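Welcome! Please take a moment to look over the sequence and the 3D structure below, and then we can walk through them together.

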Amino acid sequence: MTRLTPADLEAARDRLVPDVVADGLSVLFCGINPGLMSAATGHHFARPGNRFWPVLHLSGFTPRLMKPAEQAELPSYGLGITNVVARATARADELSAEEYREGGRLLTEKVTRLRPKWLAVVGVTAYRTAFDDRMARIGPQERTIGSSRVWVLPNPSGLNAHWTAATMAEEFGRLRSAAETP
């Protein structure tokens, strides 16, 4: 991979990273918003310290550890990726509550159209704000979007020190088991 400079990363601010989606997925993972590394590379969860890809593998969703550049393979496993807010920022705290709420509205439209079995939002705070659900906790939610169930997962960012890769993999694994249940 080409080494990105600080100027390369800053130039990626506000860029969009295309969704990796298909109709009828088993699980549509939903990040908060793309970071600058993701926007610069065009690959979701691209920052080296992000634990999404290792946890996806450790939890059994993928048969091997995938690289962000291999994200196009996800639909072959019944998986996809989107974001609550589309624009890239250096930090999630650069997003306004209005952006989260509008992202929740647009995400609802997307999920209604694509009909995944599960929508998995990675980040409880993002979910609470986007869907105005202050009581939401990690795990399955009562809310459905059309026929899609909703699960909130821990944020895989390396900044989320409350969760280790192993404990995240357990929670992702609970979702995988639920997604495999008819």
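Let's begin with the overall build. This predicted model has a protein chain with 6 helices and 5 strands. Follow the sequence from start to end and you will meet them in the pattern α-β-α-α-β-α-β-α-β-β-α.

How does the radius of gyration of the protein chain agree with that of a compact globule? For 182 residues, a compact globule would have a value near 16 Å, and the protein chain has 15 Å, so the two agree. Along its principal axes, the C-alpha trace spans about 45 × 40 × 35 Å. Of the 182 residues, 46% count as buried. If you take the contacts between residues at least 6 apart in sequence, 69% of them join residues at least 24 apart.

Now for the surface and the charges. The protein chain exposes about 9000 Å², and carbon and sulfur atoms supply 55% of that area. There are 22 positive and 19 negative side chains, and the centres of these two sets lie 3 Å apart.

Next, have a look at helix 6, which covers residues 165-180. Helix 6 has 16 residues and reaches 22 Å from its first C-alpha to its last, close to the 22 Å expected at 1.5 Å a residue. Its buried residues are Met168, Ala169, Glu171, Phe172, Gly173, Leu175 and Ala179. A general point helps when you read such a list: an α-helix has 3.6 residues a turn, so residues three or four places apart point the same way. What do the buried residues of helix 6 pack against? Their partners are strand 1 (27-31), helix 3 (52-58), strand 3 (118-122), strand 4 (139-145) and strand 5 (148-153).

Loops can hold buried residues too, as Gln71 and Ala12 show. Gln71 is found between helix 3 and strand 2 (79-83), while Ala12 sits between helix 1 (6-11) and strand 1. Both count as buried because their relative accessible areas are under the 20% cut-off. The table gives their values and their contacts, leaving aside neighbours within four places in sequence.

| Residue | Relative accessible area | In contact with |
|---|---|---|
| Gln71 | 8% | Val20, Gly42, His43, His44 and Trp53 |
| Ala12 | 0% | Leu36, Ala39, Ala40 and Ala88 |

Finally, try finding Ala12 and Glu142 in the structure: they are 130 residues apart along the chain, and their C-alpha atoms are separated by 36 Å.

Notes. Residues numbered from 1 in each chain as written. Predicted model: local features only at pLDDT ≥ 70, side-chain atom pairs only at ≥ 80, totals over all residues. Heavy atoms only, no water. Helix = DSSP H or I, 4+ residues; strand = E, 2+ residues; numbered from the N terminus. Expected span 1.5 Å × (residues − 1). Buried < 20%, exposed > 50% of the residue type's maximum accessible area, 1.4 Å probe, protein only. Contact = heavy atoms within 4.5 Å. Rg over C-alpha atoms; globule rule 2.2 N^0.38 Å. Areas by Shrake-Rupley, 256 points an atom, 1.4 Å probe, with all protein chains shown as cover. Lys, Arg positive; Asp, Glu negative; His and termini not counted. Charge placed at Lys NZ, Arg CZ, Asp CG, Glu CD.
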